[in-house]
Amino acid sequence: MGHLHLGLAMWANDDWRGSLLPGSGPREHLADYAQVFDCVEGNTSFYALPPESAVASWARQAPEHFRFCFKLPGRLTHELRLQGIEEELAEFLARLAPLKSRMGPIMIQLPRDLGEEVLPRLAQFFAHVEGAGLDWAVEPRGPSFFAKGSVERQLNRLLISHGVDRVMLDVRPLFSGPDTAHPGLAVARSEKPHRPLHVFSSARQPLVRFIGHHDDATNLAFFQPWVERLSLWISQGKSPFLFVHTPDNKAAPALARRLANQVLERLDRPLIGAFPGEGQGRLF
């Protein structure tokens, strides 16, 4: 049997104080977060190389079972478009080396306008990093990778041949829920690509990014098929990663707990209980 890895897009948010994060004083937020969640999306690495001091702090706070799923820097994917990146890639991996034992799949998020031409670059990339002892996951965003044609089949075969997972971005709840005056909804819809969901496990750690709405009924309806699929993968010995977002991420911890507990209940495993700060202040 595999394991369900559960995480969010960040490990600190001021709106979580008194609920996920205990109290109101200064804390090491990652340590608090890791009491509930065992992985996190490392989105900050997409924008800049993290300082050595930050990496050292994360290494100190994160327990051994915790997994960081960093994004490859946008400089490599969006500016250089995976060409001539060897030197900067080596610098990126060297900076994160203190966390190597706690690294989940490193996410390669492709630009929306990069299509079939990226396939040989990806093949060269995987050949270059082979033997580094790291796991990788590719998040395609170009339309041709969702057309169910030869380009998508080539990508999927490439991922299978290198043991690389395909990131599944599920934006259905975000774009299908009711249009309301919620302050973060329009922003979230403008930022996320509106691509169809193609469920495909090419390796042993399927990675799902579930982009929720602020409407609970919408989220629960779209998550129901995931309960079956995640349970199936785990019973097959795979260990999927489930990352849960909400429009402003204020309610993301509570939604993640609710969704994950449906999977854990199906597998007859212990449920996620109270957060460290619940009962100390306001709740979600």
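Trainee: Which residue in strand 6 stands opposite Val 138?
Mentor: This is a predicted model: local features need pLDDT of at least 70, side-chain atom pairs count only at pLDDT 80 or more, and totals for chains, interfaces and linings use all residues. Residues are numbered from 1 along each chain as its sequence is written; side-chain values use heavy atoms, leaving out hydrogens and water. Strands (E, at least two residues) and helices (H or I, at least four) are DSSP runs, numbered from the N terminus. Opposite Val 138 in strand 6 stands Arg 166.

Trainee: Over how many bridges do strand 5 and strand 6 pair?
Mentor: Two strands pair if DSSP finds at least two bridges between them. Strand 5 and strand 6 (residues 165-170) pair in the parallel sense, and the bridges number 2.

Trainee: What is the bridge partner of Ile 106 in strand 5?
Mentor: Strand 4 (residues 106-109) pairs with strand 5 in the parallel sense over 4 bridges. The partner of Ile 106 is Trp 136.

Trainee: Which residues of strand 5 point the other way from Trp 136 and Val 138?
Mentor: Side chains in a regular strand alternate between the two sheet faces. All four residues here are buried (under 20% relative accessible area, 1.4 Å probe, protein chains only). Pointing the other way are Ala 137 and Glu 139.

Trainee: At what distance does the side chain of Arg 189 reach the backbone oxygen of Leu 174?
Mentor: Arg 189 sits in helix 9 (residues 185-191). Its relative accessible area is 18%, so Arg 189 is buried. Its side chain reaches the backbone oxygen of Leu 174 at 2.9 Å.

Methods: Buried means under 20% relative accessible area, exposed over 50%, partly exposed in between (1.4 Å probe, protein chains only). A polar contact is a pair of N or O atoms within 3.5 Å; within protein, one must be able to donate a hydrogen and the other to accept it, and residues adjacent in sequence count only if both atoms are side-chain atoms.
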